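User: I'm new to reading protein models and keep tripping over the labels. Can we go through some of them together?

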Amino acid sequence: AKEPRYFYKVLPISFTQVILAKFISEFMYILIVVLILSIFLAIHKMAIVNILIFSGMVFLISALIVYMMILVRTLFYDNPRFAGYAYHLMIIFSAVMILNFHLVGPIVTIGILIYLNIKSYRQFIS
């Protein structure tokens, strides 16, 4: 949900507090889903090492996607339609880069995350 503009202007909160609060509230659901997934994999007699690897990969990818979503929402605060377009385009671009270029793809994705973090911080301050 979109918070009112005065929420950010009146309260003395920092950028990291807002991002961390949004990240934790969104990520709690993902933790529950990963736990349920791990339980189902254990029920179906999958090896513990494979369950840990698979759950860890889902955990890591989900954390990156949630963080990207929060940064894009912060950046395009006034226009949710552009936020959705930018988010989906960035996810598709990052996935294609990582799948096709195994070394350069993650580096480019991390660079984009750093750039979005800086832009979102500047947008939050102004």
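User: Why does phenylalanine 27 count as buried?

Analyst: Quick heads-up: this is a predicted model. Now, buried means under 20% relative accessible area. Phenylalanine 27 comes in at 7% relative accessibility, so the label buried fits.

User: And what makes phenylalanine 59 count as partly exposed?

Analyst: Partly exposed is the zone between under 20% and over 50%. Phenylalanine 59 has 35% relative accessibility, so that's where it lands.

User: How do you know that phenylalanine 27 and phenylalanine 59 form an aromatic pair?

Analyst: Ring centres have to lie within 6.5 Å. By that rule there are five aromatic pairs. In one of them, the rings of phenylalanine 27 and phenylalanine 59 are 5.0 Å apart centre to centre, so they pass.

User: Why is this pair called edge-to-face?

Analyst: That's down to the angle: planes over 60 degrees apart count as edge-to-face. Here it is 75° between the planes, so edge-to-face it is.

User: What makes this a link between distant parts of the chain?

Analyst: Phenylalanine 27 sits in helix 2 (residues 15-43), while phenylalanine 59 belongs to helix 3 (residues 48-75), and the two are 32 residues apart. Elsewhere, ring pairs join Phe15, Tyr121 and Phe124 into a cluster.

User: Why is threonine 74 called buried?

Analyst: Same cut-off, under 20%. Threonine 74 has a relative accessible area of 10%, so it qualifies as buried. This residue is in helix 3, and, leaving aside neighbours within four places in sequence, it is in contact with Phe15, Ile19, Lys22, Ser120 and Gln123.

User: Which residues have the most contacts inside the largest nonpolar core?

Analyst: Phe23, Leu71, Val72 and Leu116, in a core of 21 residues. Helix 2, helix 3, helix 4 and helix 5 each supply at least two residues of this core, and helix 3 gives the largest share, with eight residues. As a general rule, nonpolar side chains in soluble globular proteins tend to be buried together.

User: What does leucine 71 contact, leaving aside neighbours within four places in sequence?

Analyst: Leucine 71 is in contact with Phe15, Ile19, Leu113, Leu116, Asn117 and Ser120.

User: How many nonpolar, polar and charged residues are in the lining of the largest pocket?

Analyst: The lining has 12 nonpolar and three polar residues, with no charged ones. The pocket's volume is about 410 Å³, and the lining residues closest to its centre are Ile61, Leu64, Ser94, Ile98 and Thr109.

Definitions and conventions
Residues numbered from 1 in each chain as written. Predicted model: local features only at pLDDT ≥ 70, side-chain atom pairs only at ≥ 80, totals over all residues. Heavy atoms only, no water. Phe/Tyr/Trp six-rings, centres within 6.5 Å; stacked < 30°, edge-to-face > 60°. Helix = DSSP H or I, 4+ residues; strand = E, 2+ residues; numbered from the N terminus. Buried < 20%, exposed > 50% of the residue type's maximum accessible area, 1.4 Å probe, protein only. 1 Å grid on protein atoms, 1.4 Å probe; cavity = no way out; pocket = protein on both sides within 12 Å on 5 of 7 lines; lining within 4 Å. Points joined across faces, edges and corners; volume = space filled by probe spheres on them. Nonpolar A, V, L, I, M, F, W, Y, C, P; charged D, E, K, R; others polar. Core = buried A, V, L, I, M, F, W, Y, C linked by side-chain atoms within 4.5 Å. Contact = heavy atoms within 4.5 Å.
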